[in-house]
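Please load the model in a viewer and keep the sequence panel open beside it. The stops below are given in the order in which they may be selected.

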Amino acid sequence: MADQTPPEAAPANASTAPSYSLVGQYTRDLSFENPGAPGSVMLGGSNPNFTVGINVGVKKQADDLYAVEISLNAKAERDKTVLFNVELVYGGVFRIKNVPEQQLPALLMVECPRMIFPFARHVLATIVQLGGFPPLMMEPVDFQALYIQNVRNLQAQQAANAQPN
């Protein structure tokens with residue numbers, strides 16, 4: 001018992017140090033369409049064309065809780081025929097404490113999605129495979145570049161709206 005440190009002897013700055021943690025993960029929405037089944041899984045031929053889209057959204061849940069969601073849309077077509085179309089919204093709830101306000105957007109839009117992306121990617125690959133196709137393995141996403149692009153687009157939009165007609 002003599003080895004325990006009394007709570008009042010703990011460093012004063014420990015409770016004010018910036019921190020974030022993943023509280024939980026979830027699938028909010030999942031849709032898989034295989035309009036040509038069963039014929040689509042038996043087709044041979046040229047490699048299909050893939051279209052993949054990604055978006056990140058954030059919703060404040062409580063004082064220190066944020067839901068960060070990655071929306072993934074993937075579509076495969078061959079000769080203008082849709083082989084499959086999948087939509088996934090995968091999220092994580094993050095507890096964020098003592099992070100300066102100016103650093104919060106980058107944390108929520110870059111670091112938090114980076115943490116949950118491997119799980120969303122796994123769900124996407126698995127559902128495509130369960131649909132009868134080879135698993136769709138997405139490359140890692142540069143959330144920093146995506147964030148910077150979105151900030152620049154927003155700034156350009158605001159500048160265009162500020163100019164008199």
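Begin with Asp64, which is partly exposed because its relative accessibility is 22%, a value between the 20% limit for buried and the 50% limit for exposed. The model in view is a predicted one.

**Stop 1: from Asp64 to Arg95**

Add Arg95 to the selection and display both side chains: Asp64 and Arg95 form a salt bridge, with an N to O distance of 3.4 Å. Asp64 belongs to the loop between strand E2 (49-60) and E3, whereas Arg95 belongs to strand E4, so this pair ties together parts that lie 31 residues apart in sequence. Arg95 is likewise classed as partly exposed, at 31% relative accessibility.

**Stop 2: Arg28 and Glu69**

How many salt bridges does a search of the whole structure find? The search returns 4. Select Arg28 and Glu69 for another of them; their closest N and O atoms are 2.9 Å apart. Arg28 is located in strand E1 (residues 19-33) and Glu69 in strand E3, so the contact ties together parts separated by 41 residues in sequence. Is Glu69 buried or exposed? Its relative accessible area is 11%, so Glu69 is buried.

**Stop 3: Lys75, Glu77 and Asn85**

Next, select Lys75 and Glu77, whose side chains meet in a salt bridge at 4.0 Å, N to O. Lys75 is partly exposed, with a relative accessible area of 32%, and Glu77 is also partly exposed, at 28% relative accessibility.

Keep Lys75 displayed and add Asn85, a residue of strand E4. Which residues does Asn85 touch, leaving aside those up to four places away in sequence? They are Ser31, Phe32, Glu33, Ala74 and Lys75. Asn85 counts as buried because its relative accessibility is 18%, under the 20% cut-off.

**Stop 4: the loop between E3 and E4**

Move to Asp79, which lies in the loop between E3 and E4. Asp79 is not a glycine, yet its phi is positive, at about 50°. With 66% relative accessibility, Asp79 counts as exposed. Lys80 is found in the loop between E3 and E4 and has a positive phi of about 65°, although it is not a glycine either. Lys80 counts as exposed, at 83% relative accessibility. Why inspect these backbone angles? Most residues other than glycine have a negative phi.

**Stop 5: the peptide bond before Pro38**

Centre the view on Pro38, in the loop between E1 and E2. The peptide bond that runs from Ala37 to Pro38 is cis, with omega near 5°. For context, most peptide bonds are trans.

**Stop 6: the largest pocket**

Finally, select Pro48, Phe50, Phe84, Phe133 and Pro134, the lining residues that lie nearest the centre of the largest pocket. The full lining comprises 14 residues. Strand E3 (65-78) and strand E4 (81-97) are the elements that give two or more residues to this lining. The space in the largest pocket amounts to about 160 Å³. What is the make-up of the lining by class? It has 12 nonpolar, 1 polar and 1 charged residues.

Note on methods: Residues numbered from 1 in each chain as written. Predicted model: local features only at pLDDT ≥ 70, side-chain atom pairs only at ≥ 80, totals over all residues. Heavy atoms only, no water. 1 Å grid on protein atoms, 1.4 Å probe; cavity = no way out; pocket = protein on both sides within 12 Å on 5 of 7 lines; lining within 4 Å. Points joined across faces, edges and corners; volume = space filled by probe spheres on them. Helix = DSSP H or I, 4+ residues; strand = E, 2+ residues; numbered from the N terminus. Nonpolar A, V, L, I, M, F, W, Y, C, P; charged D, E, K, R; others polar. Buried < 20%, exposed > 50% of the residue type's maximum accessible area, 1.4 Å probe, protein only. Contact = heavy atoms within 4.5 Å.
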